[in-house]
Amino acid sequence: MSRAQAAGRTGTARLRTVHPGPGRVTRWVIVAVIGVLFLVPIVAMVEFTLRKGVDGGHDFARWATVFGGGLTPEFKPIFTGLGNSLLLAVVTVLVMLVLLVPTMVLVRIRFPQLQRVLEFICLLPITIPAIVLVVGLAPVYSVVSKMFGSGVWTLAFAYGVIVLPYAYRSIQANLVAVDVVTLSEAARSLGAGWLTILFRVVVPNIRRGLLAASFISVAVVLGEFTIAALLNRVNLQTALLVVNKADPFIAVIFALLALLFAFVLLLAIGFIGGGGRPGRRSRRRAAASALSPVAPALSPKGSA
Amino acid sequence: MTDTLRPVADAQGSGAATPPRSPRARPRFSSLLSGSVLGLIPFTAYIVLFLALPTVIALVTGFVDKHGALTVDNLTALGDPVILRTFGNSLWLSALTAVIGALLGALFCYALLGAKPTGVLRSIVDAASGVLAQFGGVMLAFAFVATIGIQGMITVWLRTSFGVDIFADGVWLYDTPGLILPYIYFQVPLMIITFSPALESLKPQWAEANAMLGGGILSYWRHIGVPVLLPSFFGCLLLLFANAFSSFATAAALTSQGSQIVPLQIRAALTSETVLGRENLAGALALGMIVVMVVVMAIYSLLMRRAARWQR
């Protein structure tokens, strides 16, 4: 229940009449109309996969093929792509955790004057479209290939950049909420060193933020197409496009499964944030903020 | 924030008896400081290599010819009628879908106003919006082919039930107009994600003050709600514009031929070396995109600073 509504209930009848939100009926009409409009394409995808040849009718034959292991070798790209995307998701999360998290903690505790610079850098990928980044990444990757080989996992370096805004926001929300500065001061006055502070004090306290950042990173990586396509690497999305030319029905089935997986992943972020404890609005906000590429307002203090 | 750090600096120093000096003046602190600075190096190096360097390369290639000599020749390509038309297409497509997306999204946020923040409805809306806003691309193209493609569910239904052929004037789904509906489909969820925090920050005290002064629901929105939310609304609108302008995957998967919008033109320039008989056109196009994005995001951050006044 929102504070506005609570105020309306505890206040006089007159206060309730000015509650700015919509009435119950209005709310559900708007939610239902827009919700149904947004469900139509999803339903159409499902209907598309159930079609039975040219003479009409529906059955589950294709779903049975996919889950019964009856896919012919021409669908191999999709499993290669899925495997590559999962590998990329793991490496990207590692890159994010190893490079971004210690830096954010260090800046928060030790270099607060750099806070705005870090925020600016982390939100920069919103301003630089992936398609622009890829123009400059092509020469960078010709060097990377020489150093690390042309394995698909090297793409994770580029993906680490595009997940920055999301990862930064969810971790920062958590860092601010638990007052890491005071905690680290307490740890230092008890004689803890830097690594102890990082791993035994800060990380356990921001694990919700880290988990949310990891999940949103996985979702972004699984949906990434631009960089992989233009650097000629195979991931889930480029594979879907290839398979779509051979058999659009099977491609749509995999697309639906991927959408469902991402939905569950993001729903989990909501529950990590909500924690099942009603009334913790700040946690829900922290969770919801993970989904947003930008702060609700770039506040002057930069501590969104 | 600097204030919260000072006591630590004092504790590190020679004790409480000495008057507080600048933390940097203390030898022990500065040695610790230099140690900590090392901790910033890995991330800085990473950002330089994979964010700064690619961006600079992308922008600089617009200024060099195939032999590496400086030239502004590529930039003159930005004045080419074909390129101007693609930028025009990108701009109107982004503007149109941003306005429609912002209005629909704001309406939906309004409907959620007062809904239980930890409730099932909010959780589902948050997760679904996240998926649809970030996860579209190729799969979004599939969805719209299945919906309003030539054999799409809605196309067939309209044709058989009402005798309406939505493609009577030719198949527009695989051309620029075909991008409008898919784009709106990812713009509305992004609006919901970015605009609902602004609506949540409307303070109940303002509604009470309004009621105390004898105001009704209309005067609440006219004098409080709309003026407070307007900067956020336009900020989110600009963000939606930027989002559509930089979007590539949906168009790449949907459009069958030609390069009607700027990102597709960049792909053409990247994959076929010469477009319009020019080298390094991709760099020039990237520069053009960055200019638009920087202008849009600068106005965005100005608006958001204004909006932040009410979000304390």
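## Chain B at a glance

There are zero disulfides (pairs of cysteine sulfur atoms within 2.5 Å) over all chains of this structure. This is a predicted model, where local features need pLDDT of at least 70, side-chain atom pairs count only at pLDDT 80 or more, and totals for chains, interfaces and linings use all residues. Residues are numbered from 1 along each chain as its sequence is written, chains are lettered from A and ligands numbered from 1 in the order in which they are written, and side-chain values use heavy atoms, leaving out hydrogens and water.

**Overall build**
- Chain B has 13 helices and zero strands, taken as DSSP runs (H or I, at least four residues, for helices; E, at least two, for strands) and numbered from the N terminus.
- Of the 312 residues in chain B, 52% are buried, meaning under 20% relative accessible area with a 1.4 Å probe, protein chains only.
- About 13,700 Å² of chain B is exposed by the Shrake-Rupley method with a 1.4 Å probe, and carbon and sulfur atoms supply 68% of that area.

**Two cysteines**
- The sulfur of C109(B) has its closest cysteine sulfur in C236(B), 8.1 Å away, which is too far for a bond.
- C109(B) counts as buried because its relative accessibility is 3%.
- C236(B), at 1% relative accessibility, is buried too.

**Around D80(B)**
- D80(B) sits in the loop between helix 3 (73-76) and helix 4 (81-112) of chain B.
- With 18% relative accessibility, D80(B) counts as buried.
- Its side chain reaches the backbone nitrogen of V82(B) at 2.8 Å.

Technical notes. Buried < 20%, exposed > 50% of the residue type's maximum accessible area, 1.4 Å probe, protein only. Polar contact = N/O pair within 3.5 Å; in protein donor to acceptor, adjacent residues only side chain to side chain.
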